[in-house]
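Work through these short exercises with the sequence and the structure side by side. Try each task before reading its solution.

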Amino acid sequence: MGWLIADIGGTNTRCAIARPGGTVDTVETFRNREFPGLDRLLAAYLGMLPPSQRPDEAVIAIAAPIRGDDVRMVNINWAFSISALARTLSLKRLIPLNDFAAQAYALPVLGPGDLQQVGGGTAVPGAPKVVVGPGTGLGTAGLVSIAGRWHAITGEGGHVTMAPSDEREARIIALGRERFGHCSAERLISGAGLAFVHSALTGAAALAPDEVGARIQAGDATALEALDVFFQLLGTVASNLALTFAAFGGVYIGGGITPRYVEQFKTSGFRPRFEDKGRYRPFLADIPTWVITADEPALRGLAAYAEALGPA
């Protein structure tokens, strides 16, 4: 029958069925704001399926810390109990993962056609990998091999304190501290963060993220400068993760923003910044970096996780 899988972000939720062999089908995307809570959204998806095809097991990826039965999301005002959600949906097993754990579990099943390498380096088989992705927020995760099996290491790395690498970034981060109190990486490396960086560069009121995106597509010089600053900041965070995990298996850039601007990313300051760690430049030069261009990588990661877990 398969598993219900769902990638629950701050803006959208993608639902599907994972079949034996790690395949994914019946993919549907929902706007979170159209539902009062996750229970109603998942019930709407299950209600689209014939009763004989509704799964009774689920693995869901949530853009929130997973610390027990009660979950409170960060970028949308949703809070729920995992056990109550399972009862409401008549599921005999419901396993929650952090959303970037799902991204991490996808890494071993992605092929060359799902990735674009930026910069040099060659992956070492079996070595740790990391994934970082700006979207509504900024997610991070590591993936390590233990006794021949991959295990995701998750946390809230998007909320580390953002550090500047030059005077321009110092000014932007100072404005971030003035605006937010604590200027985390996510405050600058996310959809809203890109808009904030653009505002900091222009001195004007912040535009909506979609408007900044439209200006990038139109070739606006200040918007393109904001995007390059954004990618350099991402390079700082990605290289910090690479050092922390000794990620010779590679660094993977996911999320909803970077794949949209792959050509700009390739010529941006991301990779020079990634390697710019003084004495550790040769260390980082050996670590490859890729943009994940695959459709729905989190769903593929959830399907791989469910396949490895097996039926209850």
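**Exercise 1.** Leaving aside its neighbours within four places in sequence, which residues is Thr289 in contact with?

*Solution.* Start with the ground rules. This is a predicted model, where local features need pLDDT of at least 70, side-chain atom pairs count only at pLDDT 80 or more, and totals for chains, interfaces and linings use all residues. Residues are numbered from 1 along each chain as its sequence is written, and side-chain values use heavy atoms, with hydrogens and water left out.

Step 1: contact means heavy atoms within 4.5 Å. Step 2: the partners of Thr289 are Gln116, Gln117, Val118, Gly120, Val251, Phe270, Arg271 and Phe274.

**Exercise 2.** Which side chain makes a polar contact with the side chain of Thr289?

*Solution.* Step 1: a polar contact is a pair of N or O atoms within 3.5 Å; within protein, one must be able to donate a hydrogen and the other to accept it, and residues adjacent in sequence count only if both atoms are side-chain atoms. Step 2: the side chain of Arg271 fits, at 3.0 Å. Step 3: the Thr289 side chain also reaches the backbone oxygen of Val118, at 2.5 Å.

**Exercise 3.** Is Thr289 buried or exposed?

*Solution.* Step 1: buried means under 20% relative accessible area, exposed over 50%, partly exposed in between (1.4 Å probe, protein chains only). Step 2: Thr289 has 1%, so Thr289 is buried. Step 3: for the chain, buried residues make up 50% of the 312 residues.

**Exercise 4.** How far apart in space are Thr289 and Asp69?

*Solution.* Take the C-alpha atoms: they are 35 Å apart, with the two positions 220 residues apart in sequence numbering.
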